[in-house]
Amino acid sequence: MNKKHPGGEPSPSTSPTRPAPSPDHGDATATPASAADPKRWWALAVIALAQLMVILDGTIVNIALPSAQRALGMPDADRQWVITAYTLAFGGLLLLGGRIADLVGRKRAFVIGLAGFAVASALGGAAAGPGTLFAARALQGAFAAVLAPSALSLLTTTFTDPRERAKAFGVYGALAGGGSGAGLLVGGLLTEYLNWRWCLYVNVPVALAALIGAQVFLRDRSGRRGGHLDVPGVLLGSGGLVALVYGFSEAGPRGWTSPWVAAPLMAGVLLLAAFVWWQHRAAGPLLPLRIFRDRSRAGAFATMGLATIGMFGVFLFLTYYFQAVLGYPPVRTGLAFMPVSVGIVIGATQIAARLLPRTAPHTLMASGMVLAAGGMVLLSRLTVHAQYVPHVLPGLLLVGLGMGLTFMPVYATATVGVPTQDTGAASAALTTVQQIGASLGTVLLNTIATGATGRHSRAHGPADSGTALAEAMVHGFSVAYWCSAGVLLLAALVAALTVRRGKPSQAGSKPSA
């Protein structure tokens with residue numbers, strides 16, 4: 001039999017893309033094909049619906065925010081909390097949500113997350129004042145932190161055949177990457193033709209449909225029994241993540257030197273360092289560190305973090321570019337983002353899902369990051385007089401295809417081979433890396449773009465016209481896109497050097513001793 005590290009992790013001789021069966025450790029991939037769930041494709045539809053709802057909610061309110069601000073009399077200084085309340089709760093509680101899924105059962109956690117998300121959405125849609133809306137958004141984030149890792153871990157334990165697994169993760173990766181762009185379009189349509197409240201109300205029927213589907217089609221597999229919650233780990237891990245996300249979110253409006261930024265960031269780093277120390281000592285750790293012992297899995301996590309750092313500036317800058325420079329209305333702005341989503345769907349489901357069963361995952365990841373970096377370079381060449389089809393569209397398509405090629409094998413590689421009792425924690429860790437990467441990338445790239453805009457204005461004299469302001473803004477975006485390209489190329493290098501070169505079909509094929 002293949003040797004294993006303590007805690008059920010495969011040894012370096014076993015590829016994480018298809019580990020040898022290990023029933024004694026409850027490996028999520030050990031179920032034979034004959035025992036596959038006959039309702040698994042309907043289960044995928046339910047999981048995908050819930051995942052899409054969570055991803056959409058990260059951006060669906062962005063375009064509706066000005067309308068909500070006017071309707072509720074929200075001060076300019078407070079409007080960011082509509083976004084920040086969600087990201088703080090979501091990013092800070094993901095590790096807790098993942099471990100809850102392992103302890104109480106993935107299906108049960110999935111249902112709890114769906115029901116809570118629906119109630120919080122209804123509360124936010126009916127908000128009569130800013131405080132209620134902020135609280136509802138925080139509740140949405142908290143229940144999303146339970147829902148997202150349980151959805152990914154259910155997917156991991158439902159699809160065990162390598163080819164079917166590739167297809168399932170292709171769908172999941174497409175939604176995870178393309179949902180943000182779709183959220184901008186849906187938010188624009190709902191705001192323009194109904195009102196901003198429907199950006200929240202729309203979650204209620206979607207969640208109810210997913211709840212019905214969960215009861216009919218989802219089947220859980222037993223994980224840990226008789227476990228307990230690592231309370232010190234919860235306090236240290238969640239506290240550290242909340243502090244980091246808050247510090248990143250405040251860096252934009254306050255600046256990096258503000259004590260309201262430096263103090264939370266320092267506290268977050270210290271708390272997370274203490275969290276890692278405690279996880280080595282805890283009997284039932286919140287995040288078992290054995291998950292990261294495999295080099296390929298650790299490389300997949302690092303690739304995901306760098307990819308989201310480089311990607312999320314696109315949505316921020318292009319939103320301003322389309323509306324402030326090109327003068328697009330909300331719905332047209334949402335439509336302009338759709339090629340990114342289309343590219344991600346094609347890259348994940350039609351290319352990566354078909355190639356992964358016979359192609360090394362690091363090849364797909366590195367190729368995807370290079371493609372996305374090329375798209376960023378094209379976007380860096382935009383001007384105030386650019387036209388959408390010849391100048392913007394090619395870059396968006398390259399970014400989308402590259403992200404689709406990357407996200408699908410990252411999800412598959414990072415979650416395969418994890419013992420069943422740890423799938424919730426591993427799924428939560430991957431989603432946490434994605435969330436932290438998005439927060440950090442948005443703030444860092446925005447800081448770079450803002451600084452470049454200011455330098456351009458000073459170098460070219462006072463910006464006394466709309467054209468001068470637009471040119472300075474576009475120059476700042478261009479500098480940020482070059483930085484994004486550099487980060488994505490670094491992600492390609494990390495994937496190429498850390499993720500093993502063995503094909504998924506060959507994994508675990510080493511003869512038993």
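**Figure 1. Lining of the second largest cavity in the predicted model.** By class, 9 nonpolar residues line the second largest cavity, with no polar and no charged residues among them. The structure shown is a predicted model. The volume of this second largest cavity is about 50 Å³. Its lining is formed by Val61, Ala64, Leu65, Ala68, Val82, Leu133, Trp196, Cys199 and Leu200. Two or more of the lining residues come from helix 2 (65–72), and two or more from helix 7 (198–201). A search of the whole structure returns 4 cavities of 30 Å³ or more.

**Figure 2. The largest nonpolar core and the surroundings of Leu318.** The largest nonpolar core comprises 121 residues, and those with the most contacts inside it are Phe110, Leu318 and Tyr321. Helix 11 gives the most to this core, contributing 14 residues. When neighbours within four places in sequence are left aside, Leu318 is in contact with Phe337, Leu379, Leu382, Leu396 and Tyr481.

**Figure 3. The second, separate core.** Apart from the largest nonpolar core, a second core of 15 residues is present, including Ile60, Ala68, Trp196 and Leu200. Of these residues, Ala68, Trp196 and Leu200 also appear in the lining of the second largest cavity. In soluble globular proteins, nonpolar side chains tend to be buried together.

**Figure 4. The second largest pocket.** The second largest pocket holds about 380 Å³ of space. It is lined by 17 residues, and those closest to the pocket centre are Leu241, Leu272, Leu287, Thr432 and Val433. Helix 9 (231–254), helix 10 (259–281), helix 11 (295–325) and helix 16 (423–459) are the elements that each give two or more residues to the lining. Helix 16 gives the most, with 6 residues. The classes represented in the lining are 14 nonpolar and 3 polar residues, with no charged residues. Helix 11 thus has a place in two of these views, as a contributor to the lining of this pocket and as the element that gives the most to the largest nonpolar core.

**Figure 5. Environment of Gln51 in helix 1.** Gln51 lies in helix 1, which spans residues 40–57. Because its relative accessible area is 5%, Gln51 counts as buried, the cut-off being under 20%. Beyond its neighbours within four places in sequence, Gln51 has contacts with Tyr172, Leu175 and Ala176.

Methods:
Residues are numbered from 1 along each chain as its sequence is written. This is a predicted model: local features need pLDDT of at least 70, side-chain atom pairs count only at pLDDT 80 or more; totals for chains, interfaces and linings use all residues. Side-chain values use heavy atoms; hydrogens and water are left out. On a 1 Å grid over the protein atoms alone, a cavity is a set of points where a 1.4 Å probe fits but cannot get out, and a pocket is an open set with protein on both sides within 12 Å along at least five of seven lines; lining residues have an atom within 4 Å of a point. Grid points are joined across faces, edges and corners, and a volume is the space filled by probe spheres set on the points. Helices (H or I, at least four residues) and strands (E, at least two) are DSSP runs, numbered from the N terminus. Ala, Val, Leu, Ile, Met, Phe, Trp, Tyr, Cys and Pro count as nonpolar, Asp, Glu, Lys and Arg as charged, and the others, Gly among them, as polar. A nonpolar core is a set of buried Ala, Val, Leu, Ile, Met, Phe, Trp, Tyr and Cys residues joined through side-chain atoms within 4.5 Å. Buried means under 20% relative accessible area, exposed over 50%, partly exposed in between (1.4 Å probe, protein chains only). Contact means heavy atoms within 4.5 Å.
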